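Visitor: Could you walk me through this protein model, please?

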Amino acid sequence: MSAQDRTAAGFRAGLHDDAPWLNDLRRRRTAGPRSAHNRRVDPAAGLSTVAVHGGTYEDPVTGAVGTPIFQTSTFLLDELSYTAFAQGATRDVPIYTRYGNPSQWSVQEKAAALEGAESAVVTSSGMSAIAATVYALTNSGSHIITAHDVYGGTYNLMREDMPSAGREVTFVDPTELTAIADAIRPETQLLFFEGLTNPLLKAPPLRAIARLARANDALLVVDGTLLSPVNLKPLNLGADIVVHSATKYLNGHSDVTAGIVAGSRKFTDRIWAQALRFGGTLEPLACFLLERGLKTLQVRMRAHNENATALAAFLDAHEKVTTVHHPSLAQYPYGHLRDDVLLGYGGMVSFELAGGDEASLKFMDAVRVPYPATSLGGVESLVSLPVNTSHCSLTNAQRARAGINPGLVRYSVGIEDIADIIADTRQALERI
Ligand SMILES: *Cc1c(COP(=O)(O)O)cnc(C)c1O
């Protein structure tokens with residue numbers, strides 16, 4: 001294919017005749033990267049329309065309705081690629097798949113449209129997205145604030161890798177705004193919080209945290225994994241960047257490991273450059289699966305939200321259950337955030353059984369609908385216990401301080417029929 005042909009196929013979209021170098025602050029930045037054949041939807045369209053159509057690649061050669069899988073590691077060099085090299089704009093033209101590939105662009109365009117972002121980067125895992133983001137947006141000598149109870153992989157990154165890379169980290173309770181404000185220092189560059197914590201489903205006051213970050217020239221990164229853009233739009237609340245483990249709700253079928261970063265192109269260009277140095281690229285075939293999974297995000301999330309709300313209400317009324325954590329419940333301690341921050345309550349429910357860990361182990365053995373497995377966000381229900389998985393290395397006292405009480409069960413509610421989920425939960429509770 002000649003340079004002329006590739007221009008016709010729309011790959012020139014991100015290049016400028018007068019573009020200064022990538023790291024030049026005067027560089028004009030367009031949304032994307034995208035080709036002229038990535039389908040664009042009206043930003044005012046509903047989320048289902050965006051999920052189905054956004055970013056899909058309309059193949060100019062065959063007219064294929066679905067995005068083709070560009071299963072190649074490299075692309076023909078021609079005038080267009082040399083121009084991209086010369087302009088420092090290798091993110092915008094297909095050259096080498098670790099740098100970019102139309103299969104990645106398609107899923108990135110869809111994810112960006114769902115988040116209301118200018119640009120997105122797809123990565124090989126959620127941790128790859130988080131590591132690239134945190135490294136790219138901080139310098140040695142800087143300071144980061146995050147939560148005591150962030151996802152284990154993120155905690156280890158903050159605890160082990162950041163200090164050895166010259167970044168100091170302060171861990172706070174993510175719901176205590178004054179503790180977050182008190183932790184800010186002149187060298188604070190980044191605040192990193194989750195939209196909803198796991199497994200206790202605490203909701204940090206993200207709007208206020210975003211204002212605090214802005215007032216102190218720090219960036220706010222929000223991990224939206226537990227909620228998805230259907231239930232939380234961090235960029236609308238003032239966050240600079242949203243990251244996801246796309247392994248969970250975004251892909252939704254427990255068959256892909258992937259990550260997403262979305263935000264302004266100014267930041268995603270830096271994160272992209274970091275991700276390609278770390279080598280956290282997502283394979284074209286996995287991009288295809290993720291883009292296909294994303295098409296049903298809105299309908300899946302509606303089912304997850306409804307099922308989890310119904311299961312939480314059932315558990316809350318059951319005598320063998322002492323505590324239930326879910327944002328839909330009247331006693332939810334962060335109720336003031338429900339209308340201000342959350343657009344939906346999510347599919348994760350956690351609860352404590354009266355009989356402690358012995359009872360929760362029996363419950364695990366007795367349930368038939370959910371699989372006993374870690375992870376979350378798939379169409380199938382999953383159930384696991386923090387005591388012998390995510391929090392097994394803690395002592396009982398440390399677990400108690402973290403709010404992980406004996407008998408705590410983590411239930412990622414799938415999209416099965418709610419009558420079946422409740423009947424199964426009822427029979428399992430009867431047997432303990
Ligand atoms: C699973 C998860 C991650 C890590 O994602 P991977 O795709 O497993 O790398 C990060 N944050 C949260 C909140 C998660 O649940």
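Guide: The sheets come first, followed by the cores, the aromatic rings and some unusual backbone spots. This is a predicted model, in which local features need pLDDT of at least 70 and side-chain atom pairs count only at pLDDT 80 or more, while totals for chains, interfaces and linings use all residues. Residues are numbered from 1 along each chain as its sequence is written, and side-chain values use heavy atoms, with hydrogens and water left out.

Visitor: In what order do the strands of the 7-strand sheet come?

Guide: The order in this open sheet is S1-S7-S6-S5-S4-S2-S3, and the pairing is mixed. Strands (E, at least two residues) and helices (H or I, at least four) are DSSP runs numbered from the N terminus, and two strands pair if DSSP finds at least two bridges between them.

Visitor: Which strands are at the edges?

Guide: They are S1 (119–123) and S3, each of which pairs on one side only. On average, neighbouring strands of this sheet are turned by 20 degrees against each other, direction ignored. For such angles, axes are lines fitted to C-alpha atoms (for helices, over the stretch in contact), and values run from 0 to 180 degrees between N-to-C directions.

Visitor: What packs on that sheet?

Guide: Helix H10 (residues 265–278) does, touching S1, strand S5 (219–223), S6 and S7. The direction of H10 makes about 20 degrees with that of S1. Helix H4 (residues 102–115) lies across S1, S6 (241–245) and S7 (259–263), and runs at about 125 degrees to S1. Contact here means heavy atoms within 4.5 Å.

Visitor: Do S2 and S3 pair in the parallel or antiparallel sense?

Guide: Strand S2 (residues 143–147) and strand S3 (residues 168–172) are parallel, with 5 bridges. His 143 stands opposite Glu 168, and Ala 147 stands opposite Val 172. Between the two strands the chain passes through helix H6 (residues 152–164), and this β-α-β crossover is right-handed. That term applies if, with the strands pointing away from the viewer, the path from the first strand over the helix to the second runs clockwise.

Visitor: And the sheet of 5 strands, what is its order?

Guide: This open sheet, also with mixed pairing, runs S8-S9-S12-S11-S10. Strands S8 (321–325) and S10 (371–372) stand at the edges with a single partner strand each, so one side of each is left without a neighbour in the sheet. S11 (residues 382–384) and S12 (residues 408–412) run antiparallel and are joined by 3 bridges; Leu 382 has Ser 412 as its bridge partner. Helix H13 (residues 356–366) lies across S9 (348–353), S10, S11 and S12, at about 130 degrees to S9.

Visitor: Switching to the inside: which residues touch the most other members of the largest nonpolar core?

Guide: They are Val 134, Leu 191, Phe 193, Leu 220 and Leu 290, in a core of 86 residues. A second, separate core of 25 residues includes Leu 329, Leu 353, Phe 363 and Val 409. A nonpolar core is a set of buried Ala, Val, Leu, Ile, Met, Phe, Trp, Tyr and Cys residues joined through side-chain atoms within 4.5 Å. Buried means under 20% relative accessible area, exposed over 50%, and partly exposed in between (1.4 Å probe, protein chains only).

Visitor: What does Leu 220 contact?

Guide: Leaving aside neighbours within four places in sequence, its contacts include Leu 191, Phe 193, Ile 209 and Ile 241.

Visitor: How many aromatic pairs are there?

Guide: The search of the whole structure finds 7. The rings of Tyr 57 and Phe 70 have centres 5.4 Å apart and planes at 90 degrees, so this pair is edge-to-face. Rings of Phe, Tyr and Trp (its six-membered ring) pair if their centres lie within 6.5 Å, with planes under 30 degrees apart counted as stacked, over 60 as edge-to-face and the rest as tilted. Ring pairs also link Tyr 96, Tyr 99 and Trp 272 into a cluster.

Visitor: Is Tyr 57 buried or exposed?

Guide: Tyr 57 counts as buried, at 3% relative accessibility.

Visitor: Where are the cis peptide bonds?

Guide: One joins Gly 32 and Pro 33, with omega about 15 degrees. Another joins Asn 198 and Pro 199, with omega about 5 degrees. Pro 199 is in the loop between strand S4 (188–194) and helix H8 (206–215).

Visitor: Which residue in the loop between S4 and H8 has a positive phi?

Guide: Leu 201 in that loop has a positive phi of about 55 degrees although it is not a glycine. Leu 201 is buried, at 0% relative accessible area. Ser 254, also not a glycine, has a positive phi of about 50 degrees, but Ser 254 is partly exposed at 43%.
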